[in-house]
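The exercises below ask the reader to work through one protein structure with the coordinates at hand. Try each task before reading its solution.

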Amino acid sequence: MLLAIDTATQFISLALHDGHEVVAEQSWRTNDNHNVELAPTVSALLHRVGLTPSDLSAVAVAKGPGSYSGLRVGVALAKALASVSGLPLVGVSTLDVLAAAQPHGQGGLIAVVRAGRGRVIAGHYQWRKGRWVARGEPQLVDWATLIDGVEGTLGLSGEVDEDGRRAIAEAQFNGIGLTLLPPVYRLRRAGFLAQEALAQLEDKSADFAPAHLAPYYVKSKDLP
C-alpha cells in the first residue's frame, strides 16, 4: 500500500493506493495548520480502511514547488514514515501532479501554484505519447508576465486567485487563447500523486532513499 502526501500549498491531499486502485483519498484547504492537521488525518485515513503504518510498502510526497512551510511539513512526515519502516520514498513535482489530472485537449497546458504577492509558479507542458510532459523548468512570475508569454492555444490548471481570474478573463477578451480549466481538474489530488509515484517505482535503478529527498523551491533573480 502506497501513502501519498501533498502539503505543498494551502491545499492538503492524502491518498492510499494499493497498486490497482485508489482505496482512500482526502483533500481540503487548510489555514496554515499543516503541522497540526497532517499527522492526525493520516492516522485517521489509515484507520478508516483498516490499516496501520506497518501495512505501508512505499510513501510518496509532493516535493515542490510550493510554499516553504507547507512543503517542509509534508516532506518531514513522509521522510519520517519511510525512514522508520525502511520504505522507498518517491518525490513527485507538484506541477506534475496537477498535469497528470488534466485531460488532453487542443494545444498545451500551463500548471500553476500560488506563490504569494500576486505571483504564481508556472510550468508549461506538452502532450507526448499519451501524457503531459514538462517543457523546461518552472518559473516564478506574475500574472501579466505569464499571460504575455502565451502562444497558441493553452489550458491553465491549478490554484487561481481573483486577480488571476480577472487577468485570464481580460486575456480572453483580447483574443489570447488561454482557457481556465474547470475547478474539478484544478484541485491537486493525491490520487494522481500516487499514480505518478507508482510509475517511478518501476525504475529499479532510481534512488528512493528517504534521506536523499529534499524539497524543491523555485527562486527568481527578477522577482523578490
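**Exercise 1. Classify the two tryptophans of an aromatic pair by burial and describe how their rings meet.**

Solution. Begin with accessibility, where buried means under 20% relative accessible area, exposed over 50% and partly exposed in between, with a 1.4 Å probe and protein chains only. Tryptophan 132 has 8% relative accessibility and therefore counts as buried, whereas tryptophan 127, at 31%, counts as partly exposed.

Before going further, note that this is a predicted model, in which local features need pLDDT of at least 70 and side-chain atom pairs count only at pLDDT 80 or more, while totals for chains, interfaces and linings use all residues. Residues are numbered from 1 along each chain as its sequence is written, and side-chain values use heavy atoms, with hydrogens and water left out.

Next, take the rings. A pair of aromatic rings is described by the distance of the centres and the angle of the planes. Rings of Phe, Tyr and Trp (its six-membered ring) pair if their centres lie within 6.5 Å, and planes under 30 degrees apart count as stacked, over 60 as edge-to-face and the rest as tilted. A search of the whole structure gives two aromatic pairs; one of them joins tryptophan 127 and tryptophan 132, with 5.1 Å centre to centre and 80° between the planes, and is edge-to-face.

**Exercise 2. Reconstruct the five-stranded sheet from its pairings, and place the helix that packs on it.**

Solution. Helices (H or I, at least four residues) and strands (E, at least two) are DSSP runs numbered from the N terminus, and two strands pair if DSSP finds at least two bridges between them.

- Step 1: β6 (residues 108-116) and β7 (residues 119-128) are antiparallel and share seven bridges, with valine 112 having alanine 122 as its bridge partner in β7. The two strands form a hairpin with two residues between them, and arginine 117 in the turn has a positive phi of about 55°.
- Step 2: β7 also runs antiparallel to β8, through nine bridges, and glutamine 126 stands opposite valine 133 in β8. Here too a hairpin with two residues between the strands is formed, and lysine 129 in its turn has a positive phi of about 50°.
- Step 3: β9 (residues 154-158) and β10 run parallel and are joined by three bridges; leucine 154 has leucine 178 as its bridge partner in β10.
- Step 4: the resulting open sheet has the order β8-β7-β6-β9-β10 with mixed pairing. Its edge strands, each paired on one side only, are β8 (131-142) and β10 (178-180).
- Step 5: helix α5 (residues 162-173) packs on this sheet, touching β9 and β10, and its direction makes about 140° with that of β10. The axes are lines fitted to C-alpha atoms, for helices over the stretch in contact, and angles run from 0 to 180 degrees between N-to-C directions.

**Exercise 3. Which residues does isoleucine 168 touch, not counting residues up to four places away in sequence?**

Solution. Isoleucine 168 lies in helix α5 and is buried, with a relative accessible area of 3%. Taking contact to mean heavy atoms within 4.5 Å, isoleucine 168 touches Trp143, Ile147, Leu156, Val160, Leu178 and Leu180 under that exclusion. For tryptophan 143, which is 25 residues apart from isoleucine 168 along the chain, the C-alpha separation is 8.4 Å.

**Exercise 4. Identify the polar contacts made by the side chains of histidine 34 and serine 13.**

Solution. A polar contact is a pair of N or O atoms within 3.5 Å; within protein, one must be able to donate a hydrogen and the other to accept it, and residues adjacent in sequence count only if both atoms are side-chain atoms. Histidine 34, in helix α1 (residues 34-48), is buried with a relative accessible area of 4%, and its side chain reaches the backbone oxygen of threonine 9 at 2.7 Å. Serine 13, in strand β2 (residues 11-17), is buried with a relative accessible area of 1%, and its side chain is joined to that of serine 27 by a polar contact of 2.7 Å.

**Exercise 5. Which residues of β5 point one way, and which the other way?**

Solution. In a regular strand the side chains alternate between the two faces of the sheet. In β5, Leu89, Gly91 and Ser93 point one way and Val90 and Val92 the other, and all are buried. Strand β5 (residues 89-93) runs parallel to β4 (residues 58-64), with five bridges between them, and glycine 91 is the bridge partner of valine 61.
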